[in-house]
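Hi everyone, thanks for coming. Let me put the model up and walk you through a few spots.

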Amino acid sequence: MNILILGSGGRESAFAWKVAQSAHCDKLFIAPGNAGTTQYGTNVNIKVTDFEGIKALVLKEDINLVLVGPEEPLVKGVHDFFLADEQLKNIPVVGPQQEGAQLEGSKDFSKQFMERHNIPTAAYRTFTKDTLQDGLTYLATAGLPVVLKADGLAAGKGVLICLTLEEAQTELTAMLADAKFGEASSRVVVEQFLTGIELSVFVMTDGNSYKILPEAKDYKRIGEGDTGLNTGGMGSISPVPFADAAYMKKVEERVIIPTIEGLKKDGIPYKGFIFIGLMNSNGEPWVIEYNCRMGDPETESVMRRIDSDFVDLLLGVAEGNLNEKEIIISPKTAATVVMVAGGYPGEYLKNKVITGTENVRDSIVFHAGTSMDGNDVITTGGRVLAITTVQDDMFSALQQATADASRIYYDGMYFRKDIGFDLL
């Protein structure tokens, strides 16, 4: 098969590494890819939202399967585009259609979905510019801290945790009246704050049956000890010690099954990944959010623990026979340490030459924000590299990934040295 992966980050690098190993894969293309994905296939400089460009590539290279990495093309309807096109409609796309992608594309849609199907989630209300006054009044009655979420996609920046009533009212006004996050905050979900430990659960589904992939925990804050600004993710660990068989049974019964059944009841076709962001609060799972794709940097850890043929699973999603496919999960621990650019998550340094990746001893270097400049690999994004290892136990994995990250250099480089230590 000829396979196309859409995307250019660490998640897509991990997908490319895994897909390239499959007996089903003849040729692999990544659009647009990065400096690291060239190890696994051919990069093609097409944006993930350039649907006509993607169509031309698919037809030219006789692509048999498309794996969508990021959320933006899914929310904008890349799967629907394929289904509506005579030349593309029989080429399977792994990733939900536009309606299913609303689980991530609209926080209000996903909260209504959870409420309708009795899926445990925090209490909430949704407000618009026209109901701003009601929102300000509601905040005065809501407990603190309180969470404000822009309804639409805001590149991971649309969630605010407000500690005081004054802050909450100021931010709600900024989001609704002053369009702080543009169109994404034309609606704002005001949500009860949940305490506990976060957990990322990943499910593949063909719309009927499902497979649960390895769970992971990611680390969002820039600073060690989970301090400082939120980022796209500074590292991840899989498995997660508290997510034992008993806990995951609760997750499956209370969240996963009602989600799959809810999509069916609502008549929403769904072929792809569901990323369930959970809060483990006193041993009980609460859903914080859904995403319509795999997480990043969790994918880097998750892919390294799947020992079976990943393309076989993708075909199960595409062909509707996922229940017949085998998933083999390694009992070992995967750890990912993300190396970021100086200044990230604010204004960050770019175009810095990366050296030392050849010195890495027992990890895979998944590229994220990189590109080629002649023979040099340079930094182009905020998150630059994801250093991922698999070891027999968590301590060894964390130690190895951290040591290997230290062997790489570029001007302004930074990474957290405490990923996963809260779980030891």
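Look at helix 5 (residues 98-105) and helix 6 (residues 107-116): their axes come within 6 Å and cross at roughly 100°. That makes helix 5 roughly perpendicular to helix 6, a word covering angles of 65 to 115 degrees. Axes here are lines fitted to C-alpha atoms, for helices over the stretch in contact, and angles run from 0 to 180 degrees between N-to-C directions. Helices (H or I, at least four residues) and strands (E, at least two) are DSSP runs numbered from the N terminus.

Before I go on: this is a predicted model, where local features need pLDDT of at least 70, side-chain atom pairs count only at pLDDT 80 or more, and totals for chains, interfaces and linings use all residues. Residues are numbered from 1 along each chain as its sequence is written, and side-chain values use heavy atoms, without hydrogens or water.

So who meets whom? From helix 5, Glu99, Gln102, Leu103, Glu104 and Gly105 meet Lys107, Phe109, Ser110 and Phe113 of helix 6, where contact means heavy atoms within 4.5 Å.

Now the sheet. This one is open, with four strands in the order 11-10-16-17 and antiparallel pairing; two strands pair if DSSP finds at least two bridges between them. Strand 11 (210-212) and strand 17 (284-291) are at the edges with a single partner strand each, so one side of each has no neighbour in the sheet. Further in, nine bridges join strand 10 (residues 197-205) to strand 16 (residues 272-281), and Met204 has Phe273 in strand 16 as its bridge partner.

Technical notes: Parallel < 35°, antiparallel > 145°, perpendicular 65-115°, else oblique.
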